[in-house]
Amino acid sequence: MARFGMVIDTRTCVGCMDCVVACKTENDVPDGRCRDWIVQQTEGTMPELRLEIRSERCNHCDHPPCVDCCPTGASHIEDFGTTVQIDAKLCIGCKACLASCPYDARFIHVEGYADKCTFCLHRVRQGLDPACVAVCPTHCMSFGDLDDRISAVSRLVNARAHHALLPEAGTGPRIFFLT
Ligand code: SF4
Ligand code: SF4
């Protein structure tokens with residue numbers, strides 16, 4: 001079974017937000033909400049400063065607390081790509097998953113259910129990349145099966161220095177940022 005993940009090259013991301021706009025359009029994300037967003041983080045001291053620009057979203061964690069805490073089973077692991085998904089019909093809007101996510105990746109949709117990045121599974125099922133990956137003008141994002149040794153994402157993770165967000169949280173995030 002595939003284990004979908006994403007690799008994002010922080011050296012070529014320019015923070016243009018095309019990924020954010022593409023996601024909102026593709027997934028009809030309501031005004032005031034976002035399924036992905038841009039973070040700019042500066043590290044070091046003058047003159048050795050480094051700016052990292054990251055396109056962030058749900059990490060589709062290997063050990064997702066949002067699934068463990070959901071009282072109705074709305075938050076679940078989908079067989080296809082073993083990604084973390086939400087069944088809006090089962091969601092009662094209790095916000096337990098919002099509180100449990102260390103990445104603040106979820107929000108309550110204007111229609112009352114929890115929402116977040118789906119990795120655009122509706123596109124992936126058609127053999128397409130997620131909208132954010134497809135639209136990136138610098139091609140800094142790659143999507144694929146992390147358990148396939150010859151996939152682009154596996155080769156990048158094996159070849160390049162990288163980090164994931166909040167590994168100490170123990171959630172097993174599946175988005176890796178090349179540095
Ligand atoms: Fe759940 Fe948050 Fe991990 Fe996404 S990033 S799978 S919402 S804990
Ligand atoms: Fe589950 Fe919905 Fe409550 Fe989140 S808000 S824990 S998806 S019932």
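Which residues are found around ligand 1? In this predicted model, local features require pLDDT of at least 70 and side-chain atom pairs count only at pLDDT 80 or more, whereas totals for chains, interfaces and linings use all residues. Residues are numbered from 1 along each chain as its sequence is written, chains are lettered from A and ligands numbered from 1 in the order in which they are written, and side-chain values use heavy atoms, with hydrogens and water left out.

The surroundings of ligand 1 consist of Cys 58, Asn 59, His 60, Cys 61, Pro 64, Pro 65, Cys 66, Val 84, Cys 101, Tyr 103, Arg 106 and Lys 116, a residue being counted if one of its heavy atoms lies within 4 Å of the ligand. By class, eight of these residues are nonpolar, two polar and two charged; Ala, Val, Leu, Ile, Met, Phe, Trp, Tyr, Cys and Pro count as nonpolar, Asp, Glu, Lys and Arg as charged, and the others, Gly among them, as polar. Ligand 2 is surrounded by 13 residues, of which Cys 70, Cys 91, Cys 94, Lys 95 and Cys 97 are the closest. The shell of ligand 2 comprises nine nonpolar, three polar and one charged residues.

Zero disulfides are present in the structure, a disulfide being a pair of cysteine sulfur atoms within 2.5 Å. Cys 101, listed around ligand 1, is buried at 17% relative accessibility, while Cys 94, among the closest residues to ligand 2, is partly exposed at 44%. Here buried denotes under 20% relative accessible area, exposed over 50%, and partly exposed the range in between (1.4 Å probe, protein chains only).

Several backbone features were identified. Most residues other than glycine have a negative phi, and most peptide bonds are trans. The bond from Met 46 to Pro 47 is cis, with omega near 0 degrees, and Pro 47 lies in the loop between strand 2 (36–45) and strand 3 (48–57). Helices (H or I, at least four residues) and strands (E, at least two) are DSSP runs, numbered from the N terminus. Asp 104, although not a glycine, has a positive phi of about 55 degrees; this residue is located between helix 3 (96–100) and strand 6 (107–108) and is exposed at 60% relative accessibility. Phe 119 likewise is not a glycine and has a positive phi, of about 60 degrees. Its loop joins strand 7 (114–115) and helix 4 (121–124), and Phe 119 is buried, with a relative accessible area of 1%.

An open sheet of four strands shows mixed pairing in the order 8-1-10-9, where two strands pair if DSSP finds at least two bridges between them. Strand 8 and strand 9 (162–163) occupy the edges with a single partner strand each, so one side of each has no neighbour in the sheet. Strand 8 (residues 141–145) is nevertheless largely enclosed by the rest of the structure, because five of its five residues are buried. Strand 1 (residues 4–9) pairs with strand 8 in the antiparallel sense over five bridges, and Val 7 has Ser 142 of strand 8 as its bridge partner.
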